Amino acid sequence: MASFRRTLSPAFHDRHHHNGVVSISSPSHKLFSPNNSKYTSPLSTLFTRVAGAFSKRYGRKSQWRKTLFRCFLFFFVGFLLGMLPFSHVAVDEDIKIKPPRAATTTTINNNIKAQLPPEDVTGFTIDPLSLTVENHNSEAVTNFRFDFVPRKQLIVVTPTYNRAFQAYFLNRLGQVLRLVPPPLLWIVVEMNSASPETAELLRKTGVMYRHLACTKNSTDVKDREVHQRNTALEHIENHRLNGIVYFADDDNIYSVQLFETMRQISGFGTWPVAMLAPSKSKAILEGPVCNGSQVIGWHTNEKRKKLRRFHVDMFGFAFNSTILWDPKTWRRPTSNPIRQLDTIKEGFQVTSFIEQLVEDESRMEGSPPGCSNIMNWHLHLDSHNVAYPKGWLLPKNLDAVIPAK
């Protein structure tokens, strides 16, 4: 008689029945066994107890429920383990990423020779590829030297007033100053108040500027420009501006070389100025005669000015601004403010102002050396009686109107 033996599943071959109680001793159960020394964490112990409780509760009749529960339980445990950080994983710090091995010259040559006809192989060689950076101009880089020398600031003082060609003169001077490398500060002084028209023009020049107003009573003023320059000097002294001060009227002509030469001045510098004679029929020269940078004499063409101490035009000198607010450094005998005086006779105001700055020609610097270059012109261009519309705006058409055909 044939016998039929039912083969047990590998998952259940190790079960033992004692009085109807099922004892699970499968490997999967041993995984969570508390006797397993490899897993002693509280989480594994918790899940082991939960699995044991559920296994005792259900009998043979609910095997499919056990299987489903185990699948869910293992999935849940795997999900939690996947979310936990793997702090026990040790990273080998000695791991190094090596670049791919480059083919040598011999290998490249052999590969190419194998693809060429025998008659073309003779003398065929490829130079090796160098992956290093070579400095072919090392000598030039070694000998190169970068010396940064900061430029001195130029402080250009310009007195101006309302007249027909004011906008033209200021715009022309502003374009010249715009060509001068910075730093440069343009101090423009007006009488009574700073007009918005002048302020708008200064903004459009692109030059760093300060717009001041001289509040001196105009009825008591003999020379308007003297008080305007004094307003600028007071501003420089109060704010301790450091630089080379130069008086530049807006109706004169200046070269860019003039402002570059000023930066070489340490204390007081002077140079010759070309100007038109009052008759405007000839040009005259006024300024220093120099031996190198040493002033040894003066140019002058007007006999009435021979009594002056220094024959310098107002636009033919520049000086260090620290002379105004640091008398100890320059060993000035007094600490009185240095200002121009309108009580002195016309023609002697410039020399009286220079006498407050320096004692004699030994303190002066001829600029540029030799004093042979004419770098600016003083032109007497009067436009007081020229009629012009206010703001150069025409409120209505001209009287004579010719209609278009």
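Buried here means under 20% relative accessible area, exposed means over 50%, and partly exposed sits in between (1.4 Å probe, protein chains only). Helices (H or I, at least four residues) and strands (E, at least two) are DSSP runs, numbered from the N terminus.

We're working with a predicted model, where local features need pLDDT of at least 70, side-chain atom pairs count only at pLDDT 80 or more, and totals for chains, interfaces and linings use all residues. Residues are numbered from 1 along each chain as its sequence is written, and side-chain values use heavy atoms, with hydrogens and water left out.

**Exercise 1. Work out how many residues of strand 4 (residues 184-191) are buried, and which way they point.**

Step 1: Count them up: 8 of the 8 residues in strand 4 are buried, making it mostly covered.

Step 2: Sort them by direction. Leu184, Trp186, Val188 and Glu190 point one way, while Leu185, Ile187, Val189 and Met191 point the other way.

**Exercise 2. Find the strands that pair with strand 4, and trace how the chain gets from one to the next.**

Step 1: Start with strand 3 (residues 154-159), which runs parallel to strand 4 and is joined to it by 6 bridges. Two strands pair if DSSP finds at least two bridges between them. One partner pair is Pro159 with Val189 of strand 4.

Step 2: Follow the chain from strand 3 through helix 6 (residues 166-178) to strand 4: this β-α-β crossover is right-handed. That label applies if, with the strands pointing away from the viewer, the path from the first strand over the helix to the second runs clockwise.

Step 3: Now take strand 5 (residues 209-214), also parallel to strand 4 and joined to it by 6 bridges. Here Glu190 stands opposite Ala213. The route from strand 4 goes through helix 7 (residues 196-205) to strand 5, in another right-handed β-α-β crossover.

**Exercise 3. Place Ala232 and decide whether Ala232 is buried or exposed.**

Step 1: Look in helix 8 (residues 224-239), where Ala232 is found.

Step 2: Ala232 has a relative accessible area of 0%, so it counts as buried.

Step 3: Check back with Pro159: the two C-alpha atoms are separated by 8.9 Å, with these positions 73 residues apart along the chain.

**Exercise 4. Locate Asp251 and say why Asp251 counts as buried.**

Step 1: Go to the loop between strand 6 (244-247) and strand 7 (253-254), where Asp251 lies.

Step 2: Asp251 counts as buried because its relative accessibility is 16%.
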